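Me: I'd like a close look at one part of this protein, and then a walk outward from there. Here's what I have on screen.

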Amino acid sequence: QAMRQQFGNIVLCGFMGCGKSTVGKLLAARTGRQLVDTDRWIEKQEGRTVSQLFAEHGEKWFRQRETELCRTLSRRTGLVIATGGGVLANPLNACILRETCTIVLLQPPYEVIAHRLSGDHSRPLLEGPDKDAVARRLYDQRMPLYQAAADFAVHAEDSRTAAEQIYAVLSD
Ligand code: S3P
């Protein structure tokens, strides 16, 4: 049963480690939609990892690439879009994407996110000794912005369950 086209692109948002990429893959497979992962897109375009791009060009430059990509993707349809954690923390990007997309917030319990982030070194915002405190502060700052951007939230810890819940909401 096809997911209704009226929902446009399905955008997954939420904090680092909330499962956007994993749920994106599952949802794309379930719906037959193409998956776009914004971090992977920018990395491919630039031939550098996100960490390298932050180091070489700075965060502001990376945020501009994200906004450009939002404009590009908002002109397309039928996609599942897994965003980087900063994308929907910017109300401008939310405004651009809302035109043609349904935005879903992935919000597992914070402990699940913290566990996934511990021991990860691919995220430049979470380098340094007080990483846990930095992550918690950023999470508290961003959650209201994600909530304002999203059409609805799913709270499942497990990625398969989250993907099924989204599919159920967006199908007949
Ligand atoms: C960021 C999240 C990362 C990546 C970059 C910045 C953020 O993506 O875009 O490190 O500002 O939250 P993930 O959410 O996939 O980790």
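Leaving aside its neighbours within four places in sequence, which residues is Leu126 in contact with? Start there, and then take me through whatever it leads to.

Reply: Sure. Keep in mind that this is a predicted model. Leaving out anything within four places in sequence, Leu126 is in contact with Leu117, Lys131, Val134 and Ala135. Leu126 itself sits in the loop between α6 and α7. With 18 other C-beta atoms within 10 Å, Leu126 counts as partly exposed, since buried would take 20 or more. Another residue to check on your screen is Met16: it is 110 residues away from Leu126 along the chain, yet their C-alpha atoms are separated by 9.7 Å.

Now follow the chain into α7. This helix covers residues 131–149, 19 residues in total. From first C-alpha to last, α7 reaches 26 Å, close to the 27 Å expected. There is a bend in α7, though, of about 35° at Arg142, and Pro144 follows within four residues. The buried residues of α7 are Ala135, Tyr139, Tyr146 and Ala149, and Ala135 is also one of the contacts of Leu126. As for what those buried residues pack against, look for β1 (9–13), α5 (91–98), β4 (101–106) and α6 (110–117).

That brings us to the core. The largest nonpolar core has 39 residues, and the members touching the most others are Val11, Cys13, Ile103 and Val104. Several elements supply at least two residues each, among them α7, β1, α4 (59–74) and α8 (159–170). The element giving the most is β4, with five. As a general point, nonpolar side chains in soluble globular proteins tend to be buried together. For a closer view of one core residue, click on Val104: beyond four places in sequence, Val104 touches Ile10, Val11, Leu12, Ala150, Asp151, Phe152, Val154 and Ile166.

Just past β1, have a look at Gly19, which lies in the loop between β1 and α1. Gly19 is buried, because 26 other C-beta atoms lie within 10 Å. Setting aside residues up to four places away in sequence, Gly19 touches Leu106, Pro108, Ser159 and Ala162. Gly19 and Gln107 are 88 residues apart in sequence, but 8.9 Å apart in space, C-alpha to C-alpha.

Next, α4, one of the elements feeding that core. Cys70 is in this helix, and with 24 C-beta neighbours inside 10 Å, Cys70 counts as buried. Outside the four-place window in sequence, Cys70 touches Val87, Asn93, Ile96 and Leu97.

Two other helices pack on α4. The axes of α2 (residues 38–46) and α4 come within 11 Å and cross at roughly 110°, so α2 and α4 are roughly perpendicular to each other. On the α2 side the contact is made by Thr38, Trp41 and Ile42, and on the α4 side by Arg65, Glu66 and Leu69. Then there's α3 (residues 50–57), whose axis is 7 Å from that of α4, at an angle of about 125°; α3 and α4 are therefore oblique to each other. There, Leu53, Phe54 and His57 in α3 meet Glu59, Trp61 and Phe62 in α4.

Terms used: Residues are numbered from 1 along each chain as its sequence is written. This is a predicted model: local features need pLDDT of at least 70, side-chain atom pairs count only at pLDDT 80 or more; totals for chains, interfaces and linings use all residues. The expected span of a helix is 1.5 Å times one less than its number of residues. The bend at a residue is the angle between axes fitted to the seven residues ending there and the seven starting there. A residue is buried if 20 or more other C-beta atoms lie within 10 Å of its own, exposed if 12 or fewer, and partly exposed in between; C-beta atoms are placed from the backbone. Two residues are in contact if their C-beta atoms, placed from the backbone, lie within 7 Å. A nonpolar core is a set of buried Ala, Val, Leu, Ile, Met, Phe, Trp, Tyr and Cys residues joined through C-beta atoms within 7 Å. Axes are lines fitted to C-alpha atoms, for helices over the stretch in contact, and angles run from 0 to 180 degrees between N-to-C directions. Angles under 35 degrees count as roughly parallel, over 145 as roughly antiparallel, 65 to 115 as roughly perpendicular and the rest as oblique.
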